[in-house]
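Thanks for sharing this one with me. Have the sequence and the 3D view open side by side while you read, and look up each residue as we come to it.

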Amino acid sequence: MENQTTEKKKLNKLAFWPAIIILLAFIISGIIWREEVGAAMTAMLYAMADYFGAYINLLSLVFIVVAVVFILSRYGDIVIGGKDAKPEYSMPAWCAMSICSGIGTGLLFWAMGEPIFHYMQTPAAIADPETRTAGVFAVAQAMWDWSFVQYCMYAVCGAAFAIICYNRRKSLSFNSLVECVTGKKIKWLNTLVTAVVIFCLMGATSNSMGVGLMQIGAGLEAAFGIPQSAVTWLIAAIFITVIFVLSCVSGIGKGLKMVSSACMYFFFFLVAYVFIFGNTEFITKITSEAVGFIVDNWGKQTTITNVMSADESWFADWIVQYWASFIVYAPVIGMFQARMGKGRTLRTYMLVQILVPSIFCMLWIGVFGGQTIYLQTSGTLDIWEAVNQSGMQATVFQILGTLPLSGLFTVLFLITVTLSFCTLADPMSSVAATLSVNDLSAEDEPPRKQKILVGCILGGTAYTLVATGGVDSVKGMFTLVGLLQSVMLILCGIVLFKYGKKCFYLPNWGYKGKQQNGIEQCPEGTSEESE
């Protein structure tokens, strides 16, 4: 819990300020030389996809397998925090935080937007655009993009941090991760790793929040006729920053828990509303076929490239960008979600962290994405033309306008976007603040002043990107850093296997410890040197 001890923890100045200065310098350059930086980022994105896309795709596939191994094997019997540890959150509260902390505004935006892109620009390896197969693929790929791949990454990283913090009694930091892998403290390496992670996290979060501000601006215009402008975005940014900073300062057990629970009520109401008042028959059928498509093709959906179709950029624009962005977020979201696992077995932790949000996202996209494909194919609304004329952030609200009581529904959707905005910004602010302070334990909250500082930087940067048009010019950079962040993802997997081995005796592994019911328990509180 946050107390005077944590308030007196010192800021890691060598990691925090260089990361922030470099981030702001890059963003300013993207604002001043918007077209030049945007072109450079786009060129780098496609080059990375061509040369490293296969690596990113295969790494994503490997982490699905790793998650399954931990769920099915005896590793899953490990109790986070030891056999006497007790859960700190009820299952409903945990599920709500699990869903909301990893979604942000992206799902609300792309559940309707992504399927129409896949339907109209279907990759050559799948089908011709605007066909029946393209329609099923469009919903299925959007489901897969927002479900198991990212949550397997988050769960593995979260489990790794939970074990080294609660079972090994090390600080909740990337320093602990590096030390667990190398077996020793390397101060300059710890500082470098922390700085890089802060840079990646703050940049990616600011960019995501910027897109969220654009969507809120479009929603205010659709619901109340308030034109989108720098003033509108500024007011929205200030309002939302205040909310998520207050939530963050109050701690995970209060602020995020309350906001996530409220957000879930809106989520369930909206999905039920669209299912009932949309074309229920079409939604049900295409959702069913999309799930079947995933069962048959999930490996292909994870690793598809443009081999023998060199001029096609679909895989670079979609799955490589998605997987890379999830790699950026995975270690930091995992670090945050590790706090939710205390008192649970690794198996329970990973099942909840993977299945609950994945099933929810698939259901959400099946309903909203299915309705979008129906509107396009039935001729009710030419969504593709609207996207090209007004942008996706405005088209989302045109889609909502086809439903009964669209005015009320638009307002409720806008409230949900705002709450989702906060459920992303809250944990990211908390993690960034945690990384910025030396030697926090798993039970500690970072100092309030550091949370406020990080929250204000995130909110201010997001507004600046939107108001200056810098979002498009810098968004590619935060996909590229996923390549760098993949090292941390791999380290999380290594640490989880290493300390899973030390927490349980498995035949022929040669580790000897105290047995509990025939199973060797992890020696808590021990150091590397004493083992």
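Here are my notes, as numbered points.

1. Please keep in mind from the start that this is a predicted model. Every value below was computed from it.

2. Let's begin inside. The largest nonpolar core has 180 residues, and the members that touch the most others are Phe-174, Trp-364, Phe-368 and Phe-413. Helix 13 (residues 314-337) provides the largest share of this core, with 18 residues.

3. Now pick out Trp-364. Which residues does Trp-364 touch, if we skip those up to four places away in sequence? They are Leu-107, Leu-108, Ala-111, Phe-267, Leu-270, Val-271 and Gly-369.

4. Next, turn to helix 16, which spans residues 392-400. Of its 9 residues, 7 are buried, so this helix is largely enclosed by the rest of the structure. You can find the buried ones at Met-392, Gln-393, Thr-395, Val-396, Phe-397, Ile-399 and Leu-400. What covers them? Among the covering elements are helix 5 (106-120), helix 9 (187-224), helix 14 (346-378), helix 15 (383-390) and helix 17 (406-436).

5. Follow the chain from helix 16 towards helix 17, and in the loop between them you will meet Leu-405. Is Leu-405 buried or exposed? Its relative accessibility is 60%, and the cut-off for exposed is over 50%, so Leu-405 counts as exposed. Its backbone deserves a look too: phi is positive, at about 55°, although Leu-405 is not a glycine.

6. Arg-169 also has a positive phi, near 60°, and is a residue other than glycine. You will find Arg-169 in the loop between helix 7 (148-167) and helix 8 (174-182). With a relative accessible area of 46%, Arg-169 is partly exposed.

7. Gln-371 sits in helix 14. Buried means under 20% relative accessible area, so at 6% Gln-371 counts as buried. A polar atom of the Gln-371 side chain lies 2.9 Å from the backbone nitrogen of Asn-279. Beyond its neighbours within four places in sequence, Gln-371 is in contact with Val-274, Gly-278, Asn-279, Ile-283 and Leu-403.

8. Thr-122 belongs to the loop between helix 5 and helix 6 (132-145). Although it lies in a loop, Thr-122 counts as buried, at 7% relative accessibility. What does the Thr-122 side chain reach? One partner is the backbone oxygen of His-118, at 2.7 Å, and another is the backbone oxygen of Tyr-119, at 3.3 Å. Leaving out residues up to four places away in sequence, Thr-122 touches Phe-117, Ala-127, Asp-128, Pro-129, Ala-134, Phe-137 and Glu-312. Phe-137 is 15 residues from Thr-122 along the chain, and their C-alpha atoms are separated by 8.3 Å.

9. Finally, move to the surface. Tyr-51, Phe-52, Tyr-55, Ile-490 and Ile-494 form a nonpolar patch there, with about 510 Å² of accessible area together. Helix 3 (34-72) and helix 20 (477-503) each give two or more residues to the patch. The largest share, 3 residues, comes from helix 3. Try finding Ile-494 in helix 20; this residue is partly exposed, with a relative accessible area of 41%.

Terms used. Residues numbered from 1 in each chain as written. Predicted model: local features only at pLDDT ≥ 70, side-chain atom pairs only at ≥ 80, totals over all residues. Heavy atoms only, no water. Buried < 20%, exposed > 50% of the residue type's maximum accessible area, 1.4 Å probe, protein only. Helix = DSSP H or I, 4+ residues; strand = E, 2+ residues; numbered from the N terminus. Contact = heavy atoms within 4.5 Å. Core = buried A, V, L, I, M, F, W, Y, C linked by side-chain atoms within 4.5 Å. Patch = residues over 30% accessible without salt bridge, like charges linked within 9 Å, V, L, I, M, F, W, Y side chains within 5 Å. Areas by Shrake-Rupley, 256 points an atom, 1.4 Å probe, with all protein chains shown as cover. Salt bridge = Lys/Arg side-chain N within 4 Å of Asp/Glu carboxyl O. Polar contact = N/O pair within 3.5 Å; in protein donor to acceptor, adjacent residues only side chain to side chain.
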